Amino acid sequence: MRVYVPLTLPGLAEAYKTGELGTGPLVAYAVTPALREWYVSDDIEELEYAALNRAALASLRLLAADAGAVRRRVVVAVDVPDGAAVADPDRGLDPSALGEVRIAGGAALAKAASVHVDSGDAEADVTAAAEALAAADGGDDDAQFVVDGAEDHELLWYATQEIPSLVGLGD
C-alpha cells in the first residue's frame, strides 16, 4: 500500500540518518474509503494525488510548529505492507482527518518510492501559510486564502537517491 508521510527538511534529514521515517505510531495519508467518498473519483492517480495533498497540508502543520525549519513542505511516498496502515473509523468523515492513517511500527526509508518537496520559489507562500494556519483553523477566511496559496505550488518529485542533496548532506 502506498502512503504519504508528511515531514519537514530537518525531519527528512533525521530519517536519512536513522533509516526510519518514525518508530510508530506514524501518521501518514493514503487512499482511504473516506477519501474516496470525499473526492468522488475512481481514478487511482487522482486519489493518490489527493492523499499527497493531504500530507502536504500536514507537513505545513509541522512547519507551523517548528519555526526553525526551512519553509518547504516535504512528503515521502512509501510502500508499506497491506494492513499496516489503518484509518481510524471514528474519524472517517472528519474533514481534518480525510485520508489519515496510522502505521503502528513506523516505516523504513528504504521502502520510500519518492520524495516530494516545495521548490525554493514557494518558500514565501509556505511561510505565510504556516503563519496563517491557526487563524484559518479558527474560521478566518482571509487566513484560509493565504493557506490555500501554498497549495497553489506543486511539490516537486525527487528520487530517493536525491535525499542527501535535499537535506544538505550530498554534493
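## Strands, salt bridges and a charged patch

Asp121 is found in the loop between β6 (112–117) and α4 (123–137). With a relative accessibility of 61%, Asp121 counts as exposed, because exposed means over 50% relative accessible area, buried means under 20%, and partly exposed lies in between (1.4 Å probe, protein chains only). The names β6 and α4 come from DSSP runs, numbered from the N terminus: helices are H or I with at least four residues, and strands are E with at least two.

This is a predicted model, in which local features need pLDDT of at least 70, side-chain atom pairs count only at pLDDT 80 or more, and totals for chains, interfaces and linings use all residues. Residues are numbered from 1 along each chain as its sequence is written, and side-chain values use heavy atoms, with hydrogens and water left out.

### The patch around Asp121

Which residues gather with Asp121 in a patch of negative charge on the surface? They are Asp125, Asp148, Glu151 and Asp152. Patches are made of residues with over 30% relative accessible area and no salt bridge; like charges are joined within 9 Å, and nonpolar side chains (Val, Leu, Ile, Met, Phe, Trp, Tyr) within 5 Å. Asp and Glu count as negative, Lys and Arg as positive, while His and the chain ends are not counted. The place of a charge is taken as CG of Asp, CD of Glu, NZ of Lys or CZ of Arg. Accessible areas come from the Shrake-Rupley method with a 1.4 Å probe.

### Strands side by side

Now to the strands. Two strands pair if DSSP finds at least two bridges between them.

Start with strand β1 (residues 2–7). Of its 6 residues, 5 are buried, so β1 is mostly covered. One residue found in β1 is Val3. Val3 is buried, and its relative accessible area is 0%. The C-alpha atoms of Val3 and Asp82 are separated by 11 Å, and the two residues are 79 apart along the chain.

β1 pairs with strand β3 (residues 74–79) in the antiparallel sense, over 6 bridges. Here Pro6 stands opposite Val75. Arg2 has Asp79 as its bridge partner in β3. β3 is also mostly covered, with 5 of its 6 residues buried. β3 and β6 run antiparallel too, joined by 5 bridges. Val76 stands opposite Val115 in β6. In a regular strand the side chains alternate between the two faces of the sheet.

Strand β5 (residues 100–103) is joined to strand β2 (residues 26–29) by 4 bridges, and the two run antiparallel. Ala28 has Val101 as its bridge partner in β5. Strand β4 (residues 85–86) pairs with β5 as well, antiparallel and over 2 bridges. There, Ala85 stands opposite Ile103.

### Salt bridges across the chain

A salt bridge is a side-chain nitrogen of Lys or Arg within 4 Å of a carboxyl oxygen of Asp or Glu. How many salt bridges does this rule give? The count comes to 5. The table shows some of them.

| Pair | Closest N to O distance |
|---|---|
| Arg2 and Asp79 | 2.7 Å |
| Arg61 and Asp137 | 2.7 Å |
| Arg72 and Glu123 | 2.8 Å |

Take Arg2 and Asp79, which form a salt bridge. Arg2 lies in strand β1 and Asp79 in strand β3, so the pair ties together parts that are 77 residues apart in sequence. Arg2 is partly exposed at 29% relative accessibility. Asp79 is partly exposed as well, at 33%.

The side chains of Arg61 and Asp137 also meet in a salt bridge. This pair links distant parts of the chain, with Arg61 in helix α3 (residues 44–65) and Asp137 in helix α4, 76 residues apart. Arg61 counts as partly exposed, at 37% relative accessibility.

Arg72 forms a salt bridge with Glu123. Why does this pair tie together parts that are 51 residues apart in sequence? Because Arg72 lies in the loop between α3 and β3, and Glu123 in helix α4. Arg72 is partly exposed at 22% relative accessibility, and Glu123 is partly exposed at 26%.

### Two loop residues

Is Ala30 buried or exposed? Ala30 is buried, with a relative accessible area of 0%. Ala30 is found in the loop between β2 and α2 (33–39). The C-alpha atoms of Ala30 and Leu57 are separated by 13 Å, with the residues 27 apart along the chain.

Ala159 is found in the loop between β7 (156–158) and α6 (163–166). At 17% relative accessibility, Ala159 counts as buried. Ala159 and Ala124 are 35 residues apart along the chain, and their C-alpha atoms are separated by 25 Å.
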